[in-house]
Structure formats: C-alpha cells, structure tokens
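Okay, thanks everyone, I'll keep this short. Have a look at the structure while I talk, and stop me if anything is unclear.

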Amino acid sequence: MNRSLRGLWIFVLIVCAGCKGVGFRDTDDARHHASAQIAREVLTQVQEAITAFHNVNHRYPLSNEDHLYDSIHLYFKEALDPAQLYRNDGGKGFYIAIGSRANKLIYRYPPTVGSMEYTLYWVGPNSVDEQGEGDDLVAWDTSGASTNFQRRKLVDLRGDNHPVELMVVESGSNVFRDSVRLMIKAGDSILFTERWPLDAYVVRRPELTDDERKRIVHEELSRLLDPSEFVPTDSLTQQDWRIWADLKPKSPEAAEIMKENLPMFNFYTGAGGSEGIVWSPTRKMFIKVWKSV
C-alpha cells in the first residue's frame, strides 16, 4: 500500500471512529428521552390504577413501591408492559421500573413529597432517588420541568387521632431571592403557616459557592420534618423560662398541654432562630411555646 493510500485509510478510520462516538452519544440521549416518555406513560397508567383501587376500596394502597404493583395489578385498564416489571426483593411479586432494574417508581402513602394524596415519582435515568428533585419525574407534574423542594408529613399533633399534614414548600430555587413556607393543614383548612427566606441558612457564610449554598439549604429543609423535631411536652416545665413565647409556663393552659402530653414541633429557620409550636386545646390553635434569637 503506497503512502498516500495508507494516509487516506487512516483518515477514514479516524473519521469513522469520531462518527461512532457521536452516534453513541446521540443514541444515549435518545434512550434517556425514550425512557422519560415511557415513564410518563407508566406514571399515568399507575395513577389510573391507584384511582380505580381507591374507588373500590375507599383507601389508597398501603404498600410501598416494592409491592405497589402487586396491590393494584387488577386495576389496570390495560396490562402493564412486562418489560417494566422486575421481581421484588423477596421474589414473591413485582415492582415497577423503567429502563433498568434500578430505575424504580417510588410510591408512598401517606405522602412524603408532592401535592397529591400520595407520593409517586420515577427516579429518572440516573437511578438516584432524589426525593422528587434532580432528574426525578414526578406524577404531580409529568411535563419534565424542574420542581421545587416539597416535603410532607402526617402527625397527630392535636391528640385526637386525626393527624394534621405538615408541608414544607420552597417558593423557588434562588437562594438569594426565594423563601420556604411551612404549613400545617387539616383538610383544606390552614391551621398554621410561617415563611422565611432561604438565604437565612447561609447569610453568615459569604465564603460559600452558589452550589454549596443550595446544598446546605436543602439539607436544612430536609431536616425540618425529621422525627427528632417532634418532642413530648410533659417536660416543658424543665425549660428555661427566658425562652418562652406565647405560653405562660405556670398557666392552666400549660398544665393542660403537659397533662395531655401533646407533641411539640420544633423547627430551625436559620438566622431567624428556632421555634417550638404546640396545639392549644384551650385556644383551638397552634401557638409558639418558645423562640430563640
């Protein structure tokens, strides 16, 4: 083979290799796009099956994602594609995933994330459960747009066996401009609400990068509904009287709360300090027991 022909052959190989690389990337992007489209369709199917289950049983499935399909498989209008089904950990049923075994649909009842009566989302092509954030595709918004931070928790704070819903909602993702709202709801009634700026968690840390600020803010928001933030009130009299707010420690109201041993919810608002709130049977409302500065 002469020198010019050999040079042409090497050039062709290089070009083909480059095209092959581009082709792989295009194929990979297309595969992720296809997976997201399939996930939207599956989420819709699952929502319809959950609704049908609820219409018959007057409740939502109590299982988690590992056995959700086993609970609702009789309620699908059309059979779910077997390609989306994988044996669960015990090998006794199936769970739903799109694209691979690790790309699960996540289901929670009572809800922990989102605005529906239950939590339902796909972990996305990165296979990482980001609690409805990142590339997760959520059932309450299947447009593919990024969603704000949301967390939900049901807790019996009034001692009447009727849990109230605590919601933490981020108004936007801009740490310097947006805020977080805490709400306590019973049905459609808002029993307590408070709002504070997101940058309250990082305002005293000017050395941080924007990514570090966002990470810290989300870590703090994730802790707001942690089980450790709910404490019994039978030890209220052991607190330092200087931090008391709307509740007088030696009042009949305080004695009633301690007798009922209603749980107190404590939360940290960053630079605004911490607060503790409790349900007052006397006032029929949530009051601030204490507030730090």
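Let me start with a pocket. The second largest pocket holds about 320 Å³ of space. What lines this pocket? There are 15 lining residues, and the ones closest to the centre are E117, R152, L154, E165 and G187. If you go by element, strand 6 (150-155), strand 7 (164-170) and strand 8 (179-186) each give two or more residues to the lining. Strand 7 has the largest share, with 3 residues. As for chemistry, the lining of this second largest pocket splits into 8 nonpolar, 3 polar and 4 charged residues.

Now, a word on confidence, since this is a predicted model. The mean pLDDT of the protein is 82, with 84% of the residues at 70 or more. Which element has the lowest mean pLDDT, and which the highest? Helix 1, residues 3-57, is at the bottom with a mean of 64, and strand 11, residues 264-268, is at the top with 94. Over residues 10-30 the pLDDT actually drops below 50, and that stretch makes 0 contacts in the model beyond near neighbours in sequence.

Since strand 11 came up, let's go there. Strand 11 belongs to an open sheet of 4 strands, in the order 10-11-12-13, with antiparallel pairing. The edges are strand 10 (230-231) and strand 13 (285-291), and each of those pairs on one side only. Between strand 11 and strand 12, residues 274-280, you get 4 bridges, again antiparallel. If you want a spot to click on, F265 sits opposite I277 of strand 12.

Last stop is strand 4, residues 119-122. Which way do the side chains here point? T119 and Y121 go one way, L120 and W122 go the other, and all of them are buried. That's the textbook pattern: in a regular strand, side chains alternate between the two faces of the sheet.

Strand 4 also has partners. Strand 3, residues 105-108, pairs with strand 4 in the antiparallel sense over 4 bridges. Strand 5, residues 137-138, pairs with strand 4 over 2 bridges, antiparallel as well. Y121 is a handy residue to follow here: I106 stands opposite Y121, and in strand 5 the bridge partner of Y121 is V138. So keep Y121 in view when you look at strand 4: Y121 is buried and points the same way as T119.

That's my tour, happy to take questions.

Note on methods:
Residues numbered from 1 in each chain as written. Predicted model: local features only at pLDDT ≥ 70, side-chain atom pairs only at ≥ 80, totals over all residues. Heavy atoms only, no water. pLDDT = per-residue confidence, 0-100. Contact = heavy atoms within 4.5 Å. 1 Å grid on protein atoms, 1.4 Å probe; cavity = no way out; pocket = protein on both sides within 12 Å on 5 of 7 lines; lining within 4 Å. Points joined across faces, edges and corners; volume = space filled by probe spheres on them. Nonpolar A, V, L, I, M, F, W, Y, C, P; charged D, E, K, R; others polar. Pairing = 2+ DSSP bridges. Buried < 20%, exposed > 50% of the residue type's maximum accessible area, 1.4 Å probe, protein only.
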